[in-house]
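Q: Please take a close look at one part of this structure and walk me through it slowly. I'd like to see how it fits in with whatever surrounds it.

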Amino acid sequence: MTNLTCRIDTLDRHQRLRQQELLALMRRSAQSQGELPDGYAFRLPGDPVLFQQAAEWVGLERRCCPFVRFTLEWKEDDSIWVRFTGAPGVKAFLDAEILG
């Protein structure tokens, strides 16, 4: 069974604020949002700065939620995809915490 407990103590106050700021940016920037069998995905515009910000967000998110799998991909059609998936139970967690 997967432990779905966030380790919020791995981020200091500044990092936690940055994580929340970047999540808000991902939500605002998403051109579309898709549901996957085991999680969700954001489609972002092909912007180098946004790609770096998405990578920063993934890095922070991964530290406190190691049970989530993240994939960051820049496709040939110039779209950026951030996928967040996991074992059974993770999708419900993501629905509440990331898509919230």
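**A close look at the sheet and its surroundings**

A: Let's warm up with a cysteine: C6 counts as partly exposed, with a relative accessibility of 30%. Keep in mind that we're looking at a predicted model. How many disulfides does the structure hold? The count is zero. C6 does have another cysteine to look at, though: the nearest cysteine sulfur belongs to C65 and sits 3.0 Å away, with no disulfide for C6. Turn that around and C65 is in no disulfide either, its nearest cysteine sulfur being that of C6, at 3.0 Å. The cut-off explains this: a disulfide needs the two sulfur atoms within 2.5 Å, so a pair at 3.0 Å doesn't make the list. Unlike C6, which is partly exposed, C65 is buried, with a relative accessible area of 1%.

Now for the sheet itself. It's an open sheet of four strands, and if you read across it the order is β1-β2-β4-β3, with antiparallel pairing. The edges belong to β1 (32–36) and β3 (68–74); each has a single partner strand, so one side of each goes without a neighbour in the sheet. Step from one strand to the next and the twist averages 15 degrees.

The strand I'd like you to zoom in on is β4. Strand β4 covers residues 79–86 and pairs with β3 in the antiparallel sense, over seven bridges. With β2, β4 is joined by seven bridges too, again running antiparallel. Try W81 as a landmark. In β4, W81 is the bridge partner of E73, and R43 also stands opposite W81. Another pair to find is W74, which stands opposite I80 in β4. To get from β3 to β4, the chain makes a hairpin with four residues between the strands, and there D78 takes a positive phi near 70 degrees.

Is β4 enclosed or open to the outside? Seven of its eight residues are buried, so β4 is largely enclosed by the rest of the structure. T85, which is found in β4, makes a handy example. T85 is buried, with a relative accessible area of 11%. And look at the company T85 keeps: leaving aside neighbours within four places in sequence, T85 is in contact with L36, D38, G39, F67, V68, R69, V90 and L94.

Next, the helices around the sheet. Helix α2 (residues 48–64) lies across β2 (39–45), β3 and β4, and runs at about 170 degrees to β3. Helix α3 (residues 90–99) packs on the sheet as well, touching β1, β2, β3 and β4, and its direction makes about 40 degrees with that of β2.

Finally, let's hunt for charged pairs. The count comes to six salt bridges, and here are some of them. E56 and R18 meet through their side chains, with N to O at 2.9 Å. This pair links distant parts of the chain: E56 is in helix α2 and R18 in helix α1 (residues 13–29), 38 residues apart. E56 is partly exposed, with a relative accessible area of 31%, and R18 is partly exposed too, at 23%.

Back at the sheet, the side chains of E35 and K91 meet in a salt bridge at 2.6 Å, N to O. E35 lies in strand β1 and K91 in helix α3, so this pair ties together parts that are 56 residues apart in sequence. E35 itself is exposed, at 58% relative accessible area.

One more pair brings us back to the hairpin. D77 forms a salt bridge with R43, and their closest N and O atoms are 3.8 Å apart. D77 lies in the loop between β3 and β4 while R43 is in strand β2, so parts that are 34 residues apart in sequence get tied together. R43, which you met opposite W81, counts as partly exposed at 25% relative accessibility. And some salt bridges share partners: R18, E21 and E56 are joined that way into one network.

How values were computed: Residues numbered from 1 in each chain as written. Predicted model: local features only at pLDDT ≥ 70, side-chain atom pairs only at ≥ 80, totals over all residues. Heavy atoms only, no water. Pairing = 2+ DSSP bridges. Helix = DSSP H or I, 4+ residues; strand = E, 2+ residues; numbered from the N terminus. Axes fitted to C-alpha atoms, helices over the stretch in contact; angles between N-to-C directions. Contact = heavy atoms within 4.5 Å. Buried < 20%, exposed > 50% of the residue type's maximum accessible area, 1.4 Å probe, protein only. Salt bridge = Lys/Arg side-chain N within 4 Å of Asp/Glu carboxyl O.
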